[in-house]
Amino acid sequence: MMTKLKTTVLMSIVLFMASCSSNKVLTQADTLVGAYDKSTTITDEEFSLFKTVMQSHSDLQLKPIKVSRQVVAGTNYKYECINENKRTVEVVIFQPLPGHGEARILSVNGKTDTK
């Protein structure tokens, strides 16, 4: 009886350890917790968010091309845009969780927004 119990416990431990191990090597292509995901085409909802938030920056004529997302206490959207001179401009917009304020621009080309 005791031998059967020891064997059962040992097998359980071995199975548990085998299920926890992984031979996969992480690459940069893997999504990391807290990191931005890969840039993708902008959805209608993301385009609408961009246009709404950018109204406070009417001096910037930007066309969003791609977006990547980072889940935080809400979502950071990193938009890759083109300006009137065909230069790339990066705009980061933070959309908080519902009931926690309005979406706002965090930065334009890495410079913190002060508006």
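Buried means under 20% relative accessible area, exposed over 50%, and partly exposed in between (1.4 Å probe, protein chains only). The structure is a predicted model, in which local features need pLDDT of at least 70, side-chain atom pairs count only at pLDDT 80 or more, and totals for chains, interfaces and linings use all residues. Residues are numbered from 1 along each chain as its sequence is written, and side-chain values use heavy atoms, with hydrogens and water left out.

**Exercise 1.** Find which residues are linked in a network of salt bridges, and state whether Glu 46 is buried or exposed.

Solution.
1. Side chains of opposite charge can pair when their charged atoms come close. A salt bridge is a side-chain nitrogen of Lys or Arg within 4 Å of a carboxyl oxygen of Asp or Glu.
2. The structure holds two such bridges. In one, Arg 69 meets Asp 37 at 3.2 Å, N to O. Arg 69 is in strand E2 (residues 63–72) and Asp 37 in the loop between helix H1 (2–20) and strand E1 (40–41), 32 residues apart, so the pair links distant parts of the chain. Helices (H or I, at least four residues) and strands (E, at least two) are DSSP runs, numbered from the N terminus.
3. Glu 46 and Arg 69 also meet in a salt bridge, at 2.6 Å, N to O. Here helix H2 (residues 44–54), which holds Glu 46, is linked to strand E2, with the two residues 23 apart.
4. The network therefore consists of Asp 37, Glu 46 and Arg 69.
5. Glu 46 has 7% relative accessibility, so Glu 46 counts as buried. Asp 37, at 30%, counts as partly exposed.**Exercise 2.** Classify the ring pair of Phe 50 and Tyr 79 by its centres and planes.

Solution.
1. Rings of Phe, Tyr and Trp (its six-membered ring) pair if their centres lie within 6.5 Å; planes under 30 degrees apart count as stacked, over 60 as edge-to-face and the rest as tilted.
2. The structure holds two aromatic pairs. For Phe 50 and Tyr 79, the centres are 4.9 Å apart and the planes are at 50 degrees, so the pair is tilted.
3. Phe 50 is in helix H2 and Tyr 79 in strand E3 (residues 74–82), 29 residues apart. Both Phe 50 and Tyr 79 are buried.
4. Ring pairs join Phe 50, Tyr 77 and Tyr 79 into a cluster.

**Exercise 3.** Determine which residue lies over the face of Tyr 36.

Solution.
1. A charge sits over a ring if NZ of Lys or CZ of Arg is within 6 Å of the ring centre and within 35 degrees of the ring normal.
2. Lys 78 lies over the face of Tyr 36, 4.1 Å from the ring centre.
3. Tyr 36 is in the loop between H1 and E1. At 26% relative accessibility, Tyr 36 counts as partly exposed.
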